[in-house]
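Colleague: I would like to learn how to read a protein model, one feature at a time. Could you walk me through one?

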Amino acid sequence: MDYDFALLDFSDDSPDAAARRRGWIEAVLRGFRDDRPEDDSVERWIRHYRADDVTVRGAWLPEGELGAGPMPVATYASLDKTLNAGRELLPLRMITDVTTSAAHRRRGLLRRLIEDDLSDAVAQGVPMAALTAAEATIYGRWGFGPATFRTGVTVDTTPGFGFRDFRDPGRVELLEPAEAWPHVKAVFDTFHARQRGSVAWPSPYEDMHTGAWDPSSGGANRKIRVVVHLDAGGTVDAFAIWRPGEDKTVKVDEMVALTPQAQLALWSFLGDMDQTAKVTFNLFHPEDPLMWALTDLDRVSTTEVQEFLWLRVLDLPRALAARPWATDGSVVVEVDDPQGHAAGRFAVTTADGEATVVRTDDAADVRLSAETLGSLYLAAVPVRQLHRAGRLAGSEDSVRRFAAMADLSEPAYSLTGF
């Protein structure tokens, strides 16, 4: 079957375009097994996509085929924001809303959509692509590798919850979500500029964090609460967005702190609330001081560890120059990339934490796939571990040298889903 692949202009309000636009949104929701949208959800979706200048792609059945009409059989969208690579905020192609109709799987629809978009990113000079995947087995074939991991924790806050030695020089304050938003956004923007691995928020975050819109229900979110922390000088330096659950549980949706003291102050507030026996959070920072600050570290239980941010290197010299390096050295890296974007042999020379990367015909010291390169980029997985797993080839000496250069002590972290 010859599918109709096309870009969809979300700024076009003509009747035909509006019908196709709504059909596209309904196809996304059908693909993720969500309810059909109300008019308000459609309008918010359009507003968000226009604000982020989202490129919308799809595949439709040709006219005359049973099932042809405004609703596509495959959907795909992308937008450009930034990734904190460690040395700079790197332009990032963010991929979202990828679905294929259950009746049209394995027809090459996703391949066409994703390869067209990655080629466009390369043409636009965007050096990196990213997504957050619902399934871990789909995107490796297009060079995406898991680059950060999401850790879920449950914190027992029953009587006895307390800290070894913590005194907050500042204070916390409960604010209504809409009132808190300017402070929440300011803290996140500062965090994004500091935290390697962070991805900028797309525009729906304002509606989600003010309670104006809940993507899971399609309506307002009346359950969320916001607490902010003020330092000794009265400046907001942390926030937590949470909601009460059943059985005296508090579910934290988002938590960002600019200092360890502010992080502990948020945990102290959440743990000391009345009618609370348990606090859950599924984006626990790898360097959160909570466990080792408590009198009883067993009160923090890890409930899950799952891949979160997936990265795909498109411009290897630019991308490697944007991240920090641990030691001075040199290595020739050969990348196998079926799509060709990062393929080739590159001489990587590092000095004072910076890398110079040039193409070379010299023999490779280490060899890896584009998928493995994506996982190595933020140093979420040690080089030698991937070597032992058969994901990276090279002599012991070469791998050891590359590991000394590429592995980083401070963990990467992202809390932006899209």
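Modeller: Happily; we will go through helices, cores, salt bridges and two threonines, keeping in mind that this is a predicted model.

Colleague: Let us begin with helices. How does the span of helix α4 compare with what its 18 residues should give?

Modeller: The idea is to take a rise of 1.5 Å a residue and compare the result with the distance between the ends. Helix α4 covers residues 177-194 and should span 26 Å; its end C-alpha atoms lie 24 Å apart, which agrees.

Colleague: Where does α4 bend, and by how much?

Modeller: Look at His183, where α4 bends by about 30°.

Colleague: Which residues of α4 are buried?

Modeller: Here is the general idea first. An α-helix has 3.6 residues a turn, so residues three or four places apart point the same way. In α4 the buried residues are Pro177, Ala180, Trp181, Val184, Val187, Phe188, Phe191 and His192. Try colouring them in the viewer.

Colleague: May we repeat the exercise with α2?

Modeller: Good plan. Helix α2 runs over residues 39-51, and its 13 residues reach 18 Å from first C-alpha to last, close to the expected 18 Å. Its buried residues are Ser41, Val42, Arg44, Trp45, Ile46, His48 and Tyr49.

Colleague: What do the buried residues of α2 pack against?

Modeller: Their partners are two helices, α1 (15-31) and α5 (204-210), and three strands, β2 (55-60), β3 (74-84) and β4 (89-100). After α2 comes Asp53, with a positive phi near 50°.

Colleague: Now the cores. Which residues touch the most other members of the largest nonpolar core?

Modeller: A core is read as a set of buried nonpolar residues joined through their side chains. The largest one here has 58 residues, and Trp24, Leu311, Tyr377 and Phe402 touch the most other members. Helix α11 (residues 396-406) gives the largest share of this core, five residues. Apart from it lies another core of 48 residues, including Leu264, Trp267, Leu270 and Leu415.

Colleague: Which residues is Tyr377 in contact with, beyond its neighbours within four places in sequence?

Modeller: The list has Leu83, Ala85, Leu90, Met128, Leu311, Val313, Ala319, Leu320, Ala322 and Arg323. Notice Leu311 there, which we met with Tyr377 in the core.

Colleague: On to charged pairs. How many salt bridges does a search of the whole structure find?

Modeller: It finds 31. To read one, look at the closest N and O atoms: in the pair Arg150 and Glu304 they are 2.8 Å apart. This pair links distant parts of the chain, with Arg150 in strand β7 (residues 149-156) and Glu304 in strand β13 (residues 300-307), 154 residues apart.

Colleague: Is Arg150 buried or exposed?

Modeller: Arg150 counts as buried because its relative accessibility is 12%, under the 20% limit. Glu304, with a relative accessible area of 29%, is partly exposed.

Colleague: What other pairs should I look at?

Modeller: Try Arg345 and Glu334, whose side chains meet in a salt bridge at 3.4 Å, N to O. Arg345 is in strand β16 (residues 344-351) and Glu334 in strand β15 (residues 329-336), 11 residues apart. Arg345 counts as partly exposed at 29% relative accessibility, and Glu334 is partly exposed with a relative accessible area of 26%. There is also a network of salt bridges that links Arg57, Asp80, Arg93, Asp117 and Asp120.

Colleague: Finally, the threonines. Where is Thr360, and why does it count as buried?

Modeller: Thr360 sits in the loop between β17 (354-359) and β18 (366-369). It counts as buried because its relative accessibility is 16%. Beyond its neighbours within four places in sequence, Thr360 is in contact with Val332, Arg345, Phe346 and Ala347, so Arg345 of our salt bridge turns up again. The side chain of Thr360 also reaches the backbone nitrogen of Asp362 at 3.0 Å.

Colleague: And which backbone oxygen does the side chain of Thr210 reach?

Modeller: That of Glu206, at 2.8 Å. Thr210 is in helix α5 and counts as buried at 18% relative accessibility. Leaving aside neighbours within four places in sequence, its contacts are Pro177, Ala178, Trp181 and Ile224. Pro177 and Trp181 were on our list of buried residues in α4.

How values were computed:
Residues numbered from 1 in each chain as written. Predicted model: local features only at pLDDT ≥ 70, side-chain atom pairs only at ≥ 80, totals over all residues. Heavy atoms only, no water. Helix = DSSP H or I, 4+ residues; strand = E, 2+ residues; numbered from the N terminus. Buried < 20%, exposed > 50% of the residue type's maximum accessible area, 1.4 Å probe, protein only. Contact = heavy atoms within 4.5 Å. Polar contact = N/O pair within 3.5 Å; in protein donor to acceptor, adjacent residues only side chain to side chain. Salt bridge = Lys/Arg side-chain N within 4 Å of Asp/Glu carboxyl O. Expected span 1.5 Å × (residues − 1). Bend = angle between axes of the 7 residues up to and from the residue. Core = buried A, V, L, I, M, F, W, Y, C linked by side-chain atoms within 4.5 Å.
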